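Me: Got a minute to go through this one with me? I'd like to start with how the helices pack.

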Amino acid sequence: MVEVVGTAPTSAMVITKPVYRHSWKTNIINIKVVTRNSTSLFKMKLTKEQKQEIADQQSQKNVTKRVTSSELEKILFEAIPVLDYGFIRVVDYMGDDSSIVQSARVSYGKGTKKISTDEGLIKYLMRHWHTTPFEMCEIKYHVKLPIFIARQWIRHRTANVNEYSARYSILDKEFYLPEKENLSAQSTSNRQGRGDLITGTQADEVLQILKDDATRTYSNYEKMLNERFDGTIIDEKKTGLARELARMNLTLNSYTQWYWKTDLLNLLNFLFLRADSHAQYEIRVYAEAMLETVKKWVPMTHSAFLDYRVGAVNISSKGKKIIQLMVKGKKVTYESSGLSKREWNELMTTFEFEDKII
Ligand SMILES: Cc1cc2nc3c(=O)[nH]c(=O)nc-3n(C[C@H](O)[C@H](O)[C@H](O)COP(=O)(O)OP(=O)(O)OC[C@H]3O[C@@H](n4cnc5c(N)ncnc54)[C@H](O)[C@@H]3O)c2cc1C
């Protein structure tokens, strides 16, 4: 277990929950539930006041004429832990599967016919990239995430964002430190990826550096502010530096928070890219947790998304021709294929022609 530097004054939330692992290789859907002892993973802490605010929100009973999603209602406002100190929580949403059907049919009422018909329509829309009906549903998340992940996340422009102001408030004394199982070396084959695990004393050394640097810069942050993370003044005779300046010295594994609102179409685009095995682990785990909320919110769309996006393959016309010839028992070689070696190998991997990989 990695010892972490976060020292927020409140008690830790004890969370034991299944974590879903996805292997999203093209053409393969492989989702299995891995139950982890979360106390070694999640150190996410909420203050007494934050817990009370969530409890208050959850005890609200509002009457509405709008559609609601019973499964999503059950977890509304709940902080779902991600990484060591991060979380996502759904704070609001609009619509459900029936809203997609309703807008696709431009109907006066619910738009729903039979469940099987609605499911068929959603599959059809997904299959044929008839996308606008999915824009009729919206969702708003509260996310706590390391700054270096926020930087990747913010590239997704089709969302509304409001971030915690580190000009106005002091950032939490919490830093992301990877689990040893995620401490990988730079990949030698992929410049944008990870290779084998770093182990033993080298792993300890890396974690110590991450921890020491984050602790030191946070302590200097407090010194410059002349204020501790809990708001107490360090030296009554001194004036603290402006928060907007003091923050520049913090490490990128410091946590920030934001409200992030988007529609279902753009959320699925985000999840397609970020829950994929090519995405960095630290953003992927957020996307995986969000995907579970999508399953509760719009189960038919979730299922169509797994089938027609995640599990689907996109091949070029040359690739299609090669597969057609191979299915007919014709001989096709890399040399005659007209594909690059990388593309050839990707194609052969996708269709599990392992012996043809060169
Ligand atoms: C594995 C991975 C590696 C990456 N590596 C890098 C990297 O090395 N460097 C880097 O800079 N980025 C990198 N990115 C970020 C990537 O290039 C995109 O910026 C990011 O994924 C957001 O995608 P998006 O534009 O589709 O999303 P959104 O911004 O949400 O846009 C959704 C869609 O809306 C449309 N759209 C939005 N804005 C415009 C616009 N202004 N003009 C036209 N159409 C628009 C497009 O169709 C777009 O696909 C990486 C992303 C991934 C998933």
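Reply: Sure. One term up front: a crossing is right-handed if the near helix is turned clockwise from the far one by less than a right angle, and left-handed if anticlockwise. Also, this is a predicted model.

Me: OK. Which hand is the crossing of α8 and α10?

Reply: Right-handed, for α8 with α10. The helices are residues 264–274 for α8 and residues 299–310 for α10. Their axes come within 12 Å and cross at roughly 45°. At that angle, α8 is oblique to α10.

Me: Which residues make the contact?

Reply: From α8, Leu264, Leu268 and Phe272. From α10, Thr301, Phe305, Arg309 and Val310. By class that contact has 5 nonpolar, 1 polar and 1 charged residues.

Me: And α8 with α9, at what angle do they cross?

Reply: Roughly 135°, with the axes of α8 and α9 coming within 9 Å. Helix α9 is residues 281–297. Angles of 65 to 115 degrees count as roughly perpendicular and those over 145 as roughly antiparallel, so α8 and α9 are oblique to each other.

Me: Left- or right-handed, that crossing of α8 and α9?

Reply: The crossing of α8 and α9 is left-handed. Leu267, Leu271 and Arg274 of α8 meet Ile283, Arg284, Ala287, Met290, Leu291 and Val294 of α9.

Me: How do the residues of that contact divide by class?

Reply: Between α8 and α9 there are 7 nonpolar, no polar and 2 charged.

Me: Back to α10. How do α4 and α10 cross?

Reply: At roughly 40°, and their axes come within 9 Å. Helix α4 is residues 115–127. Again the pair, α4 and α10, is oblique. The crossing of α4 and α10 is right-handed.

Me: What's in the contact there?

Reply: On α4, Asp118, Glu119, Ile122, Lys123, Met126 and Arg127. On α10, Met300, Thr301, Ala304, Phe305 and Tyr308. The contact of α4 with α10 has 6 nonpolar, 1 polar and 4 charged residues. Thr301 and Phe305 of α10 also appear in the contact with α8.

Me: Switching topic. Which residues surround the ligand?

Reply: Arg155, His156, Arg157, Thr158, Asn266, Asn269, Leu273, His278 and Ala279. That shell has 2 nonpolar, 5 polar and 2 charged residues.

Me: Last thing. What pLDDT does the protein chain average?

Reply: The average is 86, and 84% of the residues score at least 70. Over residues 1–40, though, the pLDDT is below 50.

Me: How many contacts does that stretch have in the model?

Reply: Residues 1–40 have 72, beyond near neighbours in sequence.

How values were computed. Residues are numbered from 1 along each chain as its sequence is written. This is a predicted model: local features need pLDDT of at least 70, side-chain atom pairs count only at pLDDT 80 or more; totals for chains, interfaces and linings use all residues. Axes are lines fitted to C-alpha atoms, for helices over the stretch in contact, and angles run from 0 to 180 degrees between N-to-C directions. Helices (H or I, at least four residues) and strands (E, at least two) are DSSP runs, numbered from the N terminus. Angles under 35 degrees count as roughly parallel, over 145 as roughly antiparallel, 65 to 115 as roughly perpendicular and the rest as oblique. Two residues are in contact if their C-beta atoms, placed from the backbone, lie within 7 Å. Ala, Val, Leu, Ile, Met, Phe, Trp, Tyr, Cys and Pro count as nonpolar, Asp, Glu, Lys and Arg as charged, and the others, Gly among them, as polar. A residue is near a molecule or strand if its C-beta atom, placed from the backbone, lies within 6 Å of it. pLDDT is the predictor's confidence in each residue, from 0 to 100.
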